[in-house]
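Colleague: Please take a close look at the salt bridges in this model for me. After that, carry on to whatever else deserves attention at the bench.

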Amino acid sequence: MGYNHLSTLPISQQGAQRWQGENQQKFSQVSCFFSSDYRATLQDINNFRRVVNQKLSESSLDEVSWIDAYSVQSEITVKTTHGTMNTTVFGVGGEYFFFHPLYLRSGQYISEDDLSQNQVILDEQVAWRLYGSVDIEGMEVEIDDKIYIISGVIRSELDPFNNIADQDNGRIYMSYNRFSEISNLGINSYEIIIPEFISGFGYTLVDTGFQHSQKEVINNSKRFSVKNILDLVVKPYTMVMHKKGIAYPYWENAARVVQYWQSLLLFSIIILCFILLIMTIVFIKQHQRYIEQKFKSIIINIKDYFLRCI
């Protein structure tokens, strides 16, 4: 598995490329994760959206489109007439399924703009456990004594890194508005794809736009660059030491696993190059006299050739 190939595996990190398409304007994808004690509210999200529109308008880019998404997760019990199981529910908003384009086995995605907000999406694991099928669009599940209509069934990511990071007992997705009716947990993940007309524009905007003291902002578009991975090689402890009490969602943990493997590969390449350099120096030292004689012979032959040509 090649160094560059690793960075293409987490599809949740490739949103900026998909959004840009054939557009000449470059975009960046930025994530913000909030600590368990200082989560974001829907008002925080809406306030930040106004800041984004204002900044783009000031930069004469108000007509350039941008998208965002936010989410939170919690453990819940879901019931049907066929059985009961504990699983993880994600309350999502914005264009969540653009950032996380999970494959639809049946049905359709839910959206923040849906008139009916009482729909949910199940992953294959939950669908099979509760109904023994993935073709269950329109059927019902019960969560916290409320009935929800199944909009569709999705397949979780198939790459090995998400499989490592995703140890949940299945997943259910619902709108954040409905999630807030069954849980008082605030938003712990925000993502945005925004024009990058100045290097670092998106990162700085998110970092300054949310006033939460305990948060972590990540430029997803640059996290797999050689420079960033080299920083991890030099300071590997930054991958494991976190003092902000942030519980990362599974896709962020998967991206960190990719960074870990990239840092190992880059470290191996550096060590290999260093060994080859040492071997070359030793070889030159051991054969220095022969190399000097050979070099002098080549120079003499070249001189003789030009003298004959004259």
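**Salt bridges and their surroundings**

Modeller: R155 and E124 meet through their side chains in a salt bridge, at 3.8 Å from N to O. The term covers a side-chain nitrogen of Lys or Arg within 4 Å of a carboxyl oxygen of Asp or Glu. This pair links distant parts of the chain, with R155 in strand 7 (residues 146–155) and E124 in helix 5 (residues 124–131), 31 residues apart. Helices (H or I, at least four residues) and strands (E, at least two) are DSSP runs, numbered from the N terminus.

Before going further, note that this is a predicted model, in which local features need pLDDT of at least 70 and side-chain atom pairs count only at pLDDT 80 or more, while totals for chains, interfaces and linings use all residues. Residues are numbered from 1 along each chain as its sequence is written, and side-chain values use heavy atoms, with hydrogens and water left out. The pLDDT is the predictor's confidence in each residue, from 0 to 100. The protein chain averages 85, and 88% of the residues score at least 70. Among its elements, strand 9 (residues 189–195) has the highest mean pLDDT, 95, and helix 1 (residues 3–7) the lowest, 52.

Back to the first pair. Burial is judged by relative accessible area: buried is under 20%, exposed is over 50%, and partly exposed lies in between (1.4 Å probe, protein chains only). R155, at 26%, is therefore partly exposed, and E124, at 19%, is buried.

In total, eight salt bridges are counted by this rule. Another of them joins D68 and R49, whose closest N and O atoms are 2.8 Å apart. D68 belongs to strand 2 (residues 67–80) and R49 to helix 3 (residues 42–58), so this salt bridge ties together parts that are 19 residues apart in sequence. D68 and R49 are both buried.

Helix 3 also contains L56. This leucine is buried, at a relative accessible area of 1%. L56 and I194 are 138 residues apart in sequence, but 9.3 Å apart in space, C-alpha to C-alpha.

E216 and R256 make a further salt bridge, with 3.1 Å from N to O. Since E216 is in strand 10 (residues 215–219) and R256 is in helix 10, the pair ties together parts that are 40 residues apart in sequence. R256 has a relative accessibility of 15% and so counts as buried. These two residues are part of a network of salt bridges that links E216, R223, E252 and R256.

Helix 10 spans residues 250–286, and I271 lies in it. I271 is partly exposed at 35%. With F267, L272, F274, I275, L276, L277, I278, M279, I281 and V282, I271 makes a nonpolar surface patch of about 1000 Å². Patches are made of residues with over 30% relative accessible area and no salt bridge; like charges are joined within 9 Å, and nonpolar side chains (Val, Leu, Ile, Met, Phe, Trp, Tyr) within 5 Å. The areas come from the Shrake-Rupley method with a 1.4 Å probe, and for residues only the protein chains shown count as cover.

Helix 9 (residues 226–234) has I229, L232 and V233 buried. Viewed down the axis of helix 9, the buried residues fall within an arc of 105°, so they line one face. The arc is that of the directions from the helix axis to the C-beta atoms. An α-helix has 3.6 residues a turn, so residues three or four places apart point the same way. K227 and V234 are exposed residues on the face of helix 9 turned away from the buried side.

As for cysteines, the number of disulfides is zero, taking a disulfide as a pair of cysteine sulfur atoms within 2.5 Å. C32 is buried at 0% relative accessibility, whereas C273, at 46%, is partly exposed.

One loop has unusual backbone angles to check. Most residues other than glycine have a negative phi. D144, not a glycine, has a positive phi of about 55°, and D145, also not a glycine, has one of about 65°. D144 sits in the loop between strand 6 (140–143) and strand 7, and D145 is in the loop between strand 6 and strand 7 too. D144 is partly exposed, at 43%, while D145 is exposed, at 65%.
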